[in-house]
Amino acid sequence: DIGPTVELFISDPVGLLIVLAVGATTFVGVSIYMVLVSQYSGVAVVFVSTVRKVVTVVLSFVAFARATNSMHLLGGVLLVAGTLLRVKWGPDKGKTDGGASGRV
């Protein structure tokens with residue numbers, strides 16, 4: 001039943017704005033992802049997705065002042081190095097994804 005939800009959003013319009021903002025940003029993110037899939041190779045899209053996740057983790061360390069140590073740095077360096085190696089010399093190098101341009 002939608003009644004309780006409508007009542008909640010009437011009593012708390014900020015909640016409605018948050019739900020609308022999440023929906024809008026999700027739509028924009030999925031749309032951009034689909035453009036990347038249609039215009040670039042799958043490896044490029046995976047690389048962008050991985051970079052996005054890395055940025056999210058780094059921002060969480062900065063925003064919440066989490067303690068870091070050398071293992072965090074080593075893990076980040078290995079992740080970036082592995083991703084770059086995969087993009088440069090991975091098994092899909094030179095192949096295209098069913099009509100994608102093959103650009104990386």
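Which helices each supply at least two residues of the lining of the largest pocket? In this predicted model, the helices are α3 (42–63) and α4 (70–89). The close-ups below start there and then move along to the other helix pairs.

**Figure 1. A close-up of the largest pocket, with a volume of about 290 Å³.** Rolling a probe the size of a water molecule over the atoms shows where empty space is left. To trace the walls here, begin with Val54, Val57, Val58 and Phe61, which are among the lining residues. Thr68, Asn69, His72 and Leu73 belong to the lining too, as do Gly75, Gly76, Leu79 and Val80. Helix α4 gives the most to this lining, with six residues. Sorted by class, the lining has seven nonpolar and five polar residues, and no charged ones.

**Figure 2. Helices α3 and α4 side by side, at the place where they meet.** Two packed helices are described by the angle between their axes and the distance between the axes. For α3 and α4, the axes come within 10 Å and cross at roughly 170°. Angles over 145 degrees count as roughly antiparallel, so α3 and α4 are roughly antiparallel to each other. Their crossing is left-handed. From α3, look for Val43, Phe47, Thr50, Val54 and Phe61; they meet His72, Leu79, Thr83, Leu84 and Val87 of α4. This contact has seven nonpolar residues, three polar ones and no charged ones. You may recognise some names from the previous view: Val54, Phe61, His72 and Leu79 are also among the residues that line the largest pocket.

**Figure 3. A close-up of the second largest pocket, with a volume of about 180 Å³.** Here α2 (13–39) and α3 each supply at least two lining residues. Which helix gives the most? Helix α2 does, with four residues. Follow the lining through Gly29, Ile32, Tyr33 and Leu36, and then on to Val48, Ser49 and Arg52. By class, four of the lining residues are nonpolar, two are polar and one is charged.

**Figure 4. Helices α2 and α3, shown where their residues touch.** The axes of this pair come within 8 Å and cross at roughly 150°. That crossing angle makes α2 roughly antiparallel to α3. On the α2 side, the contact is made by Tyr33, Leu36 and Val37, and on the α3 side by Val45, Val48 and Ser49. Five of the contact residues are nonpolar, one is polar and none is charged. Again there are familiar names, since Tyr33, Leu36, Val48 and Ser49 are also among the residues lining the second largest pocket.

**Figure 5. Helix α1 (residues 3–11) meeting α2.** How are these two helices arranged, parallel or perpendicular? Their axes come within 4 Å and cross at roughly 110°, which makes α1 roughly perpendicular to α2. To find the contact, look for Phe9, Ile10 and Ser11 in α1, together with Pro13, Gly15, Leu16 and Val19 in α2. The residues of this contact comprise five nonpolar, two polar and no charged.

How values were computed: Residues are numbered from 1 along each chain as its sequence is written. This is a predicted model: local features need pLDDT of at least 70, side-chain atom pairs count only at pLDDT 80 or more; totals for chains, interfaces and linings use all residues. Side-chain values use heavy atoms; hydrogens and water are left out. On a 1 Å grid over the protein atoms alone, a cavity is a set of points where a 1.4 Å probe fits but cannot get out, and a pocket is an open set with protein on both sides within 12 Å along at least five of seven lines; lining residues have an atom within 4 Å of a point. Grid points are joined across faces, edges and corners, and a volume is the space filled by probe spheres set on the points. Ala, Val, Leu, Ile, Met, Phe, Trp, Tyr, Cys and Pro count as nonpolar, Asp, Glu, Lys and Arg as charged, and the others, Gly among them, as polar. Axes are lines fitted to C-alpha atoms, for helices over the stretch in contact, and angles run from 0 to 180 degrees between N-to-C directions. Angles under 35 degrees count as roughly parallel, over 145 as roughly antiparallel, 65 to 115 as roughly perpendicular and the rest as oblique. Contact means heavy atoms within 4.5 Å. A crossing is left-handed if the near helix is turned anticlockwise from the far one by less than a right angle, and right-handed if clockwise.
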